[in-house]
Structure formats: structure tokens, C-alpha cells
Amino acid sequence: MSLLRTENVIMQFGGVVAVNDLNIDIKKGELAALIGPNGAGKTTAFNVITGVYTPTSGKVLFTPTDKNGTTTEIDITGKKPDKITTLGVARTFQNIRLFKELSVLENVQVATHLNTDYSFLSAIMRTPKARKGEAQAKADCEFLLERLGLIDLKNEKASSLPYGQQRHLEIARALATKPQLLLLDEPAAGMNPQETDELTDLIFKLKTDFDLTIFMIEHHMDLVMEISDHIYVLDFGCTIAKGTPDEVQNNPKVIEAYLGVDADVED
């Protein structure tokens with residue numbers, strides 16, 4: 001079953017077409033990757049999916065499963081990012097966006113307000129329902145920090161964490177919104193080989209433990225090829241290839257996009 005689909009999405013900025021005729025189909029439970037050279041339009045595609053940009057044309061369709069197990073395809077094209085997150089789509093960013101002066105725990109707690117079942121007035125009045133909800137939210141956040149190896153640092157400022165742990169914290173915050181689809185924008189960026197290996201294991205674990213569908217942008221090809229079920233390749237905003245890791249890494253268009261073509265051997 002498709003969880004996320006785009007239909008002929010075009011994103012144009014003036015005379016520049018950043019994404020051209022994007023058609024993706026992410027199945028529920030899949031781990032898919034979006035790759036391509038710098039400037040290929042990958043983050044723009046994520047921004048369209050998550051409501052940061054409204055596409056010039058085309059549709060973004062999401063099919064969440066509700067508490068009763070019912071699935072309904074929803075047109076999320078151009079919806080505001082918070083509405084899309086409420087429906088079950090969460091993301092991290094290429095440049096880490098944490099609240100540096102808040103604690104590790106507080107950074108995760110800020111994401112739980114989307115799932116509260118009490119009103120703002122109840123929170124101000126400190127009603128029993130609000131207190132119970134806050135206690136549950138804190139317990140949920142601590143559980144996430146435990147799973148991501150950050151529980152012992154919960155009272156530390158986010159700015160004090162090493163880079164790799166800040167990446168893990170951003171993922172924990174995204175998970176606090178209880179997503180069905182998690183978008184990761186270059187999660188291994190800036191990581192050393194050991195941190196990248198740990199991240200690879202973590203992504204596998206999160207996908208299974210939280211029943212997630214994951215769609216990621218990544219430049220570390222070893223990571224992409226190891227964990228992806230399906231890969232889409234963009235170049236200058238156009239999809240030049242899609243398929244399994246084996247199909248993609250042996251595709252001549254992909255090789256040309258990444259490595260170029262030697263003029264001496266070109267016909």
C-alpha cells in the first residue's frame with residue numbers, strides 16, 4: 001500500500017525549475033532514499049512534501065492509518081507544515097535545528113503538544129487531565145531518549161552535545177510527534193565513520209521498533225546502498241533513475257550524474 005505519493009510535482013522559482021515532474025511512490029514499511037548531486041533538488045522535494053513550499057503544479061498524497069485501522073488518502077498539497085505533521089509526517093533537517101539553550105528533554109517535549117488531548121486553558125489551570133497528560137508526555141519523551149541513547153543527558157543543554165548526539169536528539173524530537181512517515185534530510189552529514197555506522201544501525205532499529213516508513217536524503221552512498229529498499233535519483237530537478245540499490249548503482253545515467261562522462265570516450 002502506498003503511504004506517500006507525488007503526482008507530476010513541479011516546483012519553480014521564477015525561471016528556475018528546481019523539481020520537475022516528480023513522481024514517487026513510497027510503500028508503507030519501506031525505507032526509501034532520494035539521492036543526487038548537490039543542487040539536484042532533493043531538499044526542495046522534501047520541502048514540498050512537508051508543506052514548506054506549495055508546488056507550482058502537481059499533487060502530494062498521503063495515506064495515514066487512523067486509530068481504528070482505517071486508511072484514507074489525503075491530498076496534503078500546500079497544507080501548512082504543522083497540519084502535515086499532525087497527520088503523521090515528521091522530518092529532520094539538513095542543518096540541525098535544535099533549541100540550543102533548552103535541555104535535551106525539553107527539546108523533545110516541545111514536539112508533544114501536537115498530540116495533547118487537553119486544552120490550553122486546562123494547561124494554564126493545571127487541571128488533573130492536564131497534569132496527567134504532561135506526565136505521560138514526559139514519560140514518552142524519556143522513553144525516546146532511552147531508545148536513542150540520550151537518557152543520561154536529558155538535563156544537559158542541547159548545545160553541549162557532540163554533533164552526532166545532536167543528530168540523534170533531532171530524530172528523537174521528530175519521533176515525539178508519533179509519525180507514520182519519517183523524512184531524514186542528510187542524517188549522516190558531518191558524521192565520522194563510526195558515527196555513520198551507529199546511525200545506520202539506529203535507522204534500522206527505529207524502522208522496526210516504531211513501525212516506521214522512512215524516506216531519506218543522503219550523500220553517504222555506503223549507507224544508502226546498505227539500508228534502502230528503493231532509491232530515487234534526481235539530477236537538475238529531474239528523476240533520472242529509480243529502483244533497487246543494485247539497479248540504481250549500475251545505471252549509466254546515475255554514473256554520469258555523479259562522475260561525469262569523459263569527453264574522450266564520448267561518441
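This passage describes strand β1 and its partners, helix α1 with its residue Asn47, and helix α7 in a predicted model.

Strand β1 spans residues 2–13 and pairs with strands β2, β3 and β5. The pairing with β3, residues 25–27, is antiparallel and rests on 3 bridges. Within it, Leu4 has Ile26 as its bridge partner. Strand β5, residues 57–62, also runs antiparallel to β1, and 5 bridges join the two. Here Leu4 stands opposite Phe62. Leu4 thus has a partner in β3, Ile26, and another in β5, Phe62.

The remaining pairing described here involves β2, residues 16–22. It is antiparallel, with 4 bridges to β1. Gln12 of β1 faces Val17 of β2 across this pairing. The two strands form a hairpin, with 2 residues between them. Gly14 lies in the turn and has a positive phi of about 60°. In a regular strand, side chains alternate between the two faces of the sheet.

Helix α1 covers residues 42–49. The helix is mostly covered, with 7 of its 8 residues buried. These are Lys42, Thr44, Ala45, Phe46, Asn47, Val48 and Ile49. The list holds charged and polar side chains, including Lys42, Thr44 and Asn47, as well as Phe46, Val48 and Ile49. After the helix comes Gly51, with a positive phi near 85°.

Asn47 belongs to α1. Its relative accessible area is 11%; the cut-off for burial is under 20%, so Asn47 counts as buried. Its side chain makes a polar contact with the side chain of Arg91, at 2.7 Å. Neighbours within four places in sequence aside, Asn47 is in contact with Val52, Tyr53 and Arg91. Arg91 therefore appears both as a polar partner of Asn47 and among its contacts, the contact cut-off being 4.5 Å.

Helix α7 runs from residue 193 to residue 209 and has 17 residues. From first C-alpha to last it reaches 24 Å. This is close to the 24 Å expected at 1.5 Å a residue. Buried positions in α7 are Thr196, Leu199, Thr200, Leu202, Ile203 and Leu206. Leucine, isoleucine and threonine make up this set.

Both ends of α7 carry local features. At its start, a side-chain oxygen of Asn192 comes to within 3.1 Å of the backbone nitrogen of Gln194. After the helix comes Asp211, whose phi is positive, near 50°.

How values were computed:
Residues are numbered from 1 along each chain as its sequence is written. This is a predicted model: local features need pLDDT of at least 70, side-chain atom pairs count only at pLDDT 80 or more; totals for chains, interfaces and linings use all residues. Side-chain values use heavy atoms; hydrogens and water are left out. Two strands pair if DSSP finds at least two bridges between them. Buried means under 20% relative accessible area, exposed over 50%, partly exposed in between (1.4 Å probe, protein chains only). A polar contact is a pair of N or O atoms within 3.5 Å; within protein, one must be able to donate a hydrogen and the other to accept it, and residues adjacent in sequence count only if both atoms are side-chain atoms. The expected span of a helix is 1.5 Å times one less than its number of residues.
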